[in-house]
Structures are given as structure tokens and as C-alpha cells.
Amino acid sequence: MATKSGKSWVTWANEHAVASDKIEDLEASFRTNVKDFIAALEKAGATVVVTETKRSAKRAYLFHWSWKIALGKCKPSDATAMDGVDIQWDHGKDDESKKGAQEMVDGFGLAVPPASTNAPATTSNHIEGKAVDMNITWTGTIKAKDKTGADISITFMADTNANSTLHTVGHTYGVKKLATDAPHWSVDGH
Amino acid sequence: MVTRRILTLLVLSAAGCHAAPATPAVPLDQRVGWVNGSCLAIMNAGLQPNGSITVVALDDKPTIVVGTIVGATNSSGVCPALLEDRRRSNDKWSFYEARLDGKADLGIAVTGHEKPIDGGIDLTGDGKPEQFTQCSTSEGVSFRVWSGMPYRGTPLWSGYYYLGYDTVATCPS
């Protein structure tokens with residue numbers, strides 16, 4: 001029997017639909033590339049902290065539809081079903097459906113400024129295991145080997161998005177930087 | 001007589017120094033942060049309770065909201081940026097609970113009680129208000145302050161709120 005949308009789903013998601021921070025959960029070929037890139041950086045003296053790898057499709061599904069229903073972007077009955085997530089979005093009355101969805105938006109901490117028009121995505125490189133979020137730090141300048149074995153001098157920049165030399169080295173390993181989100185690297189730079 | 005003139009000049013000189021526009025000694029990075037509801041994130045661990053802040057709310061049309069610091073916080077109930085799925089990627093910020101006189105789902109805060117100029121805030125002392133913006137990146141919110149036209153050149157200040165989920169980027173390239 002389906003459970004109505006509401007804050008209990010936040011608790012459920014935090015137990016059953018959490019994102020991984022393990023490299024082992026990445027898609028096989030990308031996983032190898034990430035491991036090689038990180039190994040090169042660490043060997044050169046950098047500290048790498050992986051914060052997120054594969055995201056849960058179920059969690060993304062809950063984010064997406066709670067956001068859309070709470071903000072009145074769709075009717076509760078428009079929500080699609082998902083295997084393994086037995087949620088009842090439509091409570092029978094629109095205001096109660098919106099209230100349940102809003103509890104989830106609040107519990108998940110979804111940023112929803114009034115002008116926002118785009119719901120959290122249900123598909124992404126993270127969900128496919130083809131993206132990694134990581135913080136890379138070191139002091140001064142290190143010499144890291146790129147995929148060809150060449151030593152590349154990389155000077156630390158507090159703004160990772162601006163460190164094009166680091167991006168270039170990652171690119172040789174097939175780990176590509178998205179320049180708008182500091183921790184984000186992926187298979188295609190998105 | 002000569003001594004009296006020198007003293008007078010020194011006094012006038014000192015008064016002149018006080019009258020000149022004061023350049024804040026605190027670096028901009030420690031004076032500016034981003035706001036999400038009643039949460040202030042800023043790279044300054046030394047803010048004191050009851051300190052004033054001025055917020056440019058960026059929910060729709062930018063508006064000025066004043067407020068005060070309640071105190072440092074480690075609560076994800078106050079600061080969604082501290083939720084388990086995003087805490088580690090936001091850990092370079094210091095977090096405070098703030099009490100605001102108006103609504104600011106997302107905004108940019110400046111410490112102190114800034115006098116609005118033409119509906120904005122002048123951070124550079126040139127008499128002109130800066131431009132404050134927020135937009136979505138692929139998995140976060142980008143906050144920026146610009147001296148000139150937004151999204152042209154290098155921002156005066158930038159802040160990034162990692163959301164930990166994927167969304168559609170709205171920031172101009």
C-alpha cells in the first residue's frame with residue numbers, strides 16, 4: 001500500500017536512497033579513470049577528498065516530483081511512478097498534496113527561489129555513476145603526471161574552477177571539469 | 001606662535017583623516033556571504049551575536065533586508081547547506097543563524113548596517129551600488145557581486161552553495 005507524500009519520505013530517503021561517496025560505485029571505465037587521476041594527484045602531494053560519486057535515482061525522483069508539486073508546476077496526478085518507491089503523491093485534495101510535497105521540499109532542503117523554474121533533475125552523470133565531486137588541495141606547486149606520463153607543474157588556486165592546468169591534466173585521464181561547480185568532474189564535463 | 005601653528009595644522013590634518021571615507025579594514029571575503037533563509041554562510045568565523053547585517057534578497061527583484069546575527073550554528077534545520085548530503089562540500093564556510101526583518105530565501109549579505117545607495121549597496125566606496133546576482137549552476141547556486149555589468153569580467157566577490165543534487169544551470173556562460 002502506497003504511503004502519502006510527506007516528511008516521512010525524507011526519513012525514508014535518508015536511509016534507503018542516499019548518494020555514495022565511494023569510487024567503487026562509479027561506472028567501470030570512469031571509475032578506472034578517476035582512480036588513475038586521483039593516484040597521480042596524491043603521488044604528487046595533493047590531498048583529495050571525494051564527497052560524492054553515484055547519486056540515487058530514487059532520491060532524484062523524490063526531489064523532482066516533490067519540487068514540482070509543491071511549487072504548483074504540475075498536478076499531483078501528473079507524477080509518474082517509480083519501482084521501489086511506493087509513494088502516493090495525489091492525496092485527493094490539491095492543498096493536501098501540496099502540503100505533503102512541501103514537507104519534502106523543506107526536509108530535503110531544496111533551494112526554491114520564487115523565480116526558479118527548473119526542477120531537480122531525474123537524470124544526470126552522477127545518477128549514471130559518471131561524475132565525481134571532490135575537493136583537491138595542496139600547497140604551492142606540485143608536479144603531477146598526466147596520462148601520457150609527462151610531469152605537469154600545477155600551482156594551487158583556491159578557486160578550482162579557475163585552475164585550467166589542473167583541468168587539462170584531468171582531461172588526459174578522461175576526467176573532465178565542469179567549470180561552474182568547484183567539486184564537480186565527470187566523463188564529459190557536464 | 002610657530003608651535004601653535006604646527007599644532008593647529010596637526011589637529012586639522014588629523015580631523016581631515018577622520019572625515020575621509022573610511023576603507024573597511026576587513027577583507028571583502030570576510031564581510032560578504034550568502035544567505036539561505038535564516039542561514040548566513042560567510043568566510044568569517046569571528047562574527048558576534050547581535051551584529052548587524054544587510055542582505056540583498058535575490059528571490060525576485062533585488063531588495064534590501066536588514067538583520068542581526070543570532071549566533072554561530074551547526075544545525076541543518078537552520079542551514080540546509082549543513083544537511084548530510086551536502087555538508088562536506090560546504091565546509092569552507094562559517095555558518096550563522098540570522099534574524100532578518102524581511103524574507104530572503106536566497107541572498108547576499110554584507111556585515112554591518114550598510115546605508116542603501118540607489119536601492120543597492122556600495123562596497124567599493126565609489127558612490128555607486130554594486131550589482132548582486134544569483135543563478136543556478138549544475139549542482140549549486142552561484143552568488144556574485146559585480147562592480148560593473150553583471151556577468152561581464154571578474155566579479156568583485158563570488159560564493160558557491162553546493163546543493164548536492166542535479167538541476168538545470170541558469171547562469172549565463
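**B:Asn50, an exposed loop residue.** B:Asn50 has 10 C-beta neighbours inside 10 Å, so it counts as exposed. The cut-offs go like this: 20 or more other C-beta atoms within 10 Å of a residue's own make it buried, 12 or fewer make it exposed, and anything in between is partly exposed, with C-beta atoms placed from the backbone. This is a predicted model, so local features are given only at pLDDT of at least 70 and side-chain atom pairs only at pLDDT 80 or more, while totals for chains, interfaces and linings use all residues. Residues are numbered from 1 along each chain as its sequence is written, and chains are lettered from A and ligands numbered from 1 in the order in which they are written. B:Asn50 sits in the loop between β2 (39–42) and β3 (52–57) of chain B. Helices (H or I, at least four residues) and strands (E, at least two) are DSSP runs, numbered from the N terminus. The phi of B:Asn50 is positive, near 75°, and the residue is not a glycine.

**B:Tyr151, another non-glycine with a positive phi.** Here phi is about 65°. Look for B:Tyr151 in the loop that links β8 (140–146) to β9 (157–162) in chain B. It has 13 other C-beta atoms within 10 Å, which means it is partly exposed.

**The open sheet β7-β8-β9 of chain B.** Three strands line up in that order, and the pairing is antiparallel. Two strands count as paired if DSSP finds at least two bridges between them. β7 (131–136) and β9 of chain B stand at the edges with a single partner strand each, so one side of each has no neighbour in the sheet. On average, neighbouring strands are turned by 15° against each other, direction ignored; axes are lines fitted to C-alpha atoms, for helices over the stretch in contact, and angles run from 0 to 180 degrees between N-to-C directions. β8(B) and β9(B) share six bridges, in the antiparallel sense. One to find on screen is B:Gly140, whose bridge partner in β9(B) is B:Tyr162.

**Helix α3(A), largely enclosed by the rest of the structure.** Of its 14 residues, 12 are buried, among them A:Tyr61, A:Phe63, A:Trp65 and A:Trp67. The charged-looking names are not left out: A:Arg59 and A:Lys68 are buried too. What covers them? The cover over the buried residues of α3(A) includes α1 (8–16), α4 (94–108) and α5 (125–128) of chain A. The end C-alpha atoms of α3(A) are 20 Å apart, which agrees with the expected 20 Å; that expected span is 1.5 Å times one less than the number of residues. After the helix comes A:Gly72, with a positive phi near 70°.

**Where chain A meets chain B.** In this view, 24 residues of chain A are in contact with 29 residues of chain B; contact means C-beta atoms, placed from the backbone, within 7 Å. On the chain A side, the elements giving two or more residues are β2 (47–52) and α3 (57–70). By class, that side has 12 nonpolar, nine polar and three charged residues. Nonpolar covers Ala, Val, Leu, Ile, Met, Phe, Trp, Tyr, Cys and Pro, charged covers Asp, Glu, Lys and Arg, and the others, Gly among them, are polar.

**Chain A, with six helices and eight strands.** The C-alpha trace spans about 65 × 35 × 25 Å along its principal axes. Of the 190 residues of chain A, 40% count as buried.

Terms used
Two residues are in contact if their C-beta atoms, placed from the backbone, lie within 7 Å.
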